[in-house]
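Visitor: I would like to understand the labels people attach to a model like this one. Could you take me through the reasoning behind them?

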Amino acid sequence: MSRVYNFSAGPAALPLDVLQAAQKDLIDYKGCGMSVMEMSHRGKDYDVIHQEAIATFKELCGLNDDWSVCFIQGGGSMQFAMIPMNFLTKDGSADYINAGAWSSKAVKQAQMFGNVNVVANCQKDIPTRMPEKDECKWTQGALYSHICTNETISGAQLKEIPETGSPLFADMSSDILSCERDYSKFSMFYAGAQKNLGPSGMAVVAIRKELAEKGAATIPTMLQYRTYVDEDSLHNTPPTWAIYIFGETMKWVKRMGKENLFKLNDEKAQKIYNVIDASGFYRGTAKKEFRSNMNITWRLPSEELETLFVKQAAEAGMKSLKGHRSVGGIRASIYNAFPMEGVDALVDFMKEFEKKNG
Ligand SMILES: Cc1ncc(COP(=O)(O)O)c(C=O)c1O
């Protein structure tokens with residue numbers, strides 16, 4: 001077996017344990033004589049997978065029965081549209097923080113449905129960052145407020161969740177279950193699954209049931225949250241394989257112990273930031289107090305050196321270190337499943353590369 005260290009921002013490295021369990025179950029799932037991919041989503045065997053996945057996730061996030069966990073196709077991006085479609089009215093307004101490429105996409109979608117107040121705009125700031133605590137001008141009477149907790153492209157992460165005065169919605173696509181968060185502060189939060197949760201193509205959406213019932217009822221059935229809440233994400237055929245892998249990944253998080261994972265995430269990120277800070281060669285992209293533990297972004301003295309860095313790292317078994325095409329530079333995405341050994345290999349490589357090219 002020759003697995004590389006995969007620094008991809010998403011789809012991203014999954015726990016090897018999960019992949020091996022899936023491989024074992026692929027042809028004959030626990031004696032059912034068929035794969036999870038082949039079984040009816042209405043059958044008893046699948047139902048156990050579905051319910052266990054939801055229950056484990058709820059347990060990990062500390063969600064009570066006021067909450068529903070939904071599986072919605074269309075990834076994180078579909079949520080950018082579904083949220084305003086359900087909750088923003090022409091005569092109402094919603095507050096959005098615009099702190100990077102992803103929150104900016106969410107703002108654009110919301111503007112199609114009603115008034116959007118951008119309460120802080122640091123989308124284009126260099127170093128990349130999140131708003132300071134007192135920077136946001138929250139609107140009294142806003143229908144909801146929307147934040148992105150981790151900007152995957154810029155490498156900036158919100159360390160403290162703001163008090164917004166209206167129901168708080170969050171895109172947590174790239175840092176869900178990676179650090180301590182009080183999930184009860186939110187009215188809904190969601191994540192495209194392909195980073196910390198499982199395969200791409202679906203979003204895992206946690207929403208207060210009461211809120212889902214208040215959503216628009218005159219939009220297509222598949223775009224109403226209540227459809228997913230009322231029918232347990234089984235109104236139509238859900239992405240069963242993705243949900244199965246998600247469930248296995250959640251069991252892995254439970255086995256690892258989420259506090260252990262959070263601590264490891266801090267240590268992994270710190271090791272890379274330490275190399276950046278000790279060097280005059282590497283330059284971190286994000287403002288220090290907002291540095292992401294999931295997506296670590298930095299620059300080298302020239303684009304030529306960045307290209308060489310990515311090429312030589314790949315040759316040494318460290319793949320997908322190229323920064324997002326819109327910003328360039330280097331990005332190391334080190335989600336929950338990314339191993340410490342991969343970080344150690346990168347750190348050694350960075351030091352060596354600087355010695356040769358600095
Ligand atoms: C923070 C964030 N939000 C939303 C998305 C969009 O997710 P998807 O590609 O599943 O639509 C991404 C994708 O990388 C992301 O990083």
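Guide: We will go through one residue, a sheet, a ligand shell and a domain contact, bearing in mind that this is a predicted model.

Visitor: Let's start with Tyr-46: why does Tyr-46 count as buried?

Guide: The cut-off for buried is 20 or more other C-beta atoms within 10 Å. Tyr-46 has 20 C-beta neighbours inside 10 Å, so Tyr-46 counts as buried. Its place is in helix H2, residues 44-61.

Visitor: Which residues is Tyr-46 in contact with, leaving aside neighbours within four places in sequence?

Guide: Those are Met-39, Ser-40, His-41 and Thr-240. Thr-240 lies 194 residues away along the chain, yet the two C-alpha atoms are separated by 7.9 Å.

Visitor: Now the sheet. What makes E2 and E4 edge strands?

Guide: Strand E2 (67-73) and strand E4 (115-121) each pair on one side only. The open sheet has 7 strands, in the order E2-E10-E9-E8-E5-E3-E4, with mixed pairing. From one strand to the next, the twist averages 20°.

Visitor: How do you know that E5 and E8 pair?

Guide: Pairing needs at least two bridges between the strands. Strand E5 (residues 144-148) and strand E8 (residues 168-171) have 4 bridges, in the parallel sense, so by that cut-off they pair. Cys-148 stands opposite Asp-171 in E8.

Visitor: Which helices lie against these strands?

Guide: H3 packs on the sheet, where E2, E5 and E8 are among the strands touched, and its direction makes about 35° with that of E10. Helix H4 (residues 101-111) lies across E3, E4, E5 and E8, running at about 160° to E3.

Visitor: What surrounds the ligand?

Guide: The shell includes Gly-75, Gly-76 and Ser-77, as well as Cys-148 and Asp-171. Helix H3 (residues 75-87) gives the most to this shell, with 3 residues.

Visitor: How do the shell residues divide by class?

Guide: There are 2 nonpolar, 8 polar and 1 charged. Glycine is counted as polar here, and the shell has Gly-10 and Gly-192 among its members.

Visitor: Finally, where are the two domains, and how many residues does each bring to their contact?

Guide: The domain assignment gives domain 1 (17-256) and domain 2 (258-357). The contact takes 24 residues from domain 1 and 23 from domain 2. On the domain 1 side, strand E7 (156-157) and helix H7 (240-256) each supply at least two residues. That side has 10 nonpolar, 9 polar and 5 charged residues. The domain centres, taken over C-alpha atoms, are separated by 27 Å.

Key:
Residues numbered from 1 in each chain as written. Predicted model: local features only at pLDDT ≥ 70, side-chain atom pairs only at ≥ 80, totals over all residues. Near = placed C-beta within 6 Å. Domains from an automatic or database assignment. Contact = placed C-beta atoms within 7 Å. Buried ≥ 20, exposed ≤ 12 C-beta atoms within 10 Å, placed from the backbone. Axes fitted to C-alpha atoms, helices over the stretch in contact; angles between N-to-C directions.
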